[in-house]
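Student: I am new to this structure. Please take one part of it and walk me through that part closely.

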Amino acid sequence: MTDWSWDYNPSAGYITGGLPAEVVAEVERIASELAVLGSDALGVGRPFDRDGGLREFDILGGRGFISFLAVPRHACVYVCNVTWYG
């Protein structure tokens, strides 16, 4: 367990506005799990060839993805975008 947290950047309303409740719940579940990983979240998802920077992670069986930043200096995972194909 780490002392990392997660948050939306710029805001929950901006990122999740108009998404179905089950999609928002899945995004928040994944963000919580990424925060538990702490600095190991720097290597989760795409791109596969490097760590850090803006990362992407598929959600709900590939029906969408989240874009996130893991920022060690802030000990926080920031969800920056959610793309939903549903």
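Tutor: Start with the order of the elements. From the N terminus on, they run β-α-α-β-β-β. That makes two helices and four strands. This is a predicted model. The radius of gyration is 12 Å, close to the 12 Å that the globule rule gives for 86 residues, so the protein is as compact as a globular protein of that length. Along the principal axes, the C-alpha atoms fill a box of roughly 30 × 25 × 20 Å.

Now the part to look at: strand 3, residues 64–71. Seven of its eight residues are buried, so strand 3 is largely enclosed by the rest of the structure. Across the protein, buried residues make up 38% of the 86 residues.

What does strand 3 pair with? Take strand 2 to begin with, residues 55–59. Strand 2 and strand 3 pair in the antiparallel sense, over five bridges. In that pairing, Phe-57 stands opposite Ile-66 of strand 3. The two strands form a hairpin with four residues between them. In this hairpin, Leu-60 takes a positive phi near 50 degrees.

Then turn to strand 4, residues 76–84. Strand 3 pairs with strand 4 too, again in the antiparallel sense. Here there are eight bridges. Ile-66 appears once more: Val-82 in strand 4 stands opposite Ile-66. So follow Ile-66 across the sheet: Phe-57 is opposite Ile-66 in one pairing, and Val-82 is opposite Ile-66 in the other. Strand 3 and strand 4 also form a hairpin, with four residues between them. In the turn, Ala-75 has a positive phi of about 50 degrees.

Next, pick one residue inside the strand. Ser-67 has its place in strand 3. Is Ser-67 buried or exposed? Buried means under 20% relative accessible area. Ser-67 has 7% relative accessibility, so Ser-67 counts as buried. Look at what Ser-67 touches, leaving aside its neighbours within four places in sequence. The contacts are Leu-54, Arg-55, Glu-56, Tyr-78, Val-79, Cys-80 and Asn-81. Place some of these on the strands you have just met. Arg-55 and Glu-56 fall within residues 55–59, strand 2. Tyr-78, Val-79, Cys-80 and Asn-81 fall within residues 76–84, strand 4.

One general point helps when you view the strand. In a regular strand, the side chains alternate between the two faces of the sheet.

Finally, step back to the outside. The protein exposes about 4,900 Å², and carbon and sulfur atoms supply 52% of it. There are 6 positive and 11 negative side chains, and the centres of the two sets lie 5 Å apart.

Key:
Residues are numbered from 1 along each chain as its sequence is written. This is a predicted model: local features need pLDDT of at least 70, side-chain atom pairs count only at pLDDT 80 or more; totals for chains, interfaces and linings use all residues. Side-chain values use heavy atoms; hydrogens and water are left out. Buried means under 20% relative accessible area, exposed over 50%, partly exposed in between (1.4 Å probe, protein chains only). Two strands pair if DSSP finds at least two bridges between them. The radius of gyration is taken over C-alpha atoms; the globule rule is 2.2 Å times the number of residues to the power 0.38. Accessible areas come from the Shrake-Rupley method with a 1.4 Å probe; for residues, only the protein chains shown count as cover. Lys and Arg count as positive and Asp and Glu as negative; His and the chain ends are not counted. The place of a charge is taken as NZ of Lys, CZ of Arg, CG of Asp or CD of Glu. Contact means heavy atoms within 4.5 Å.
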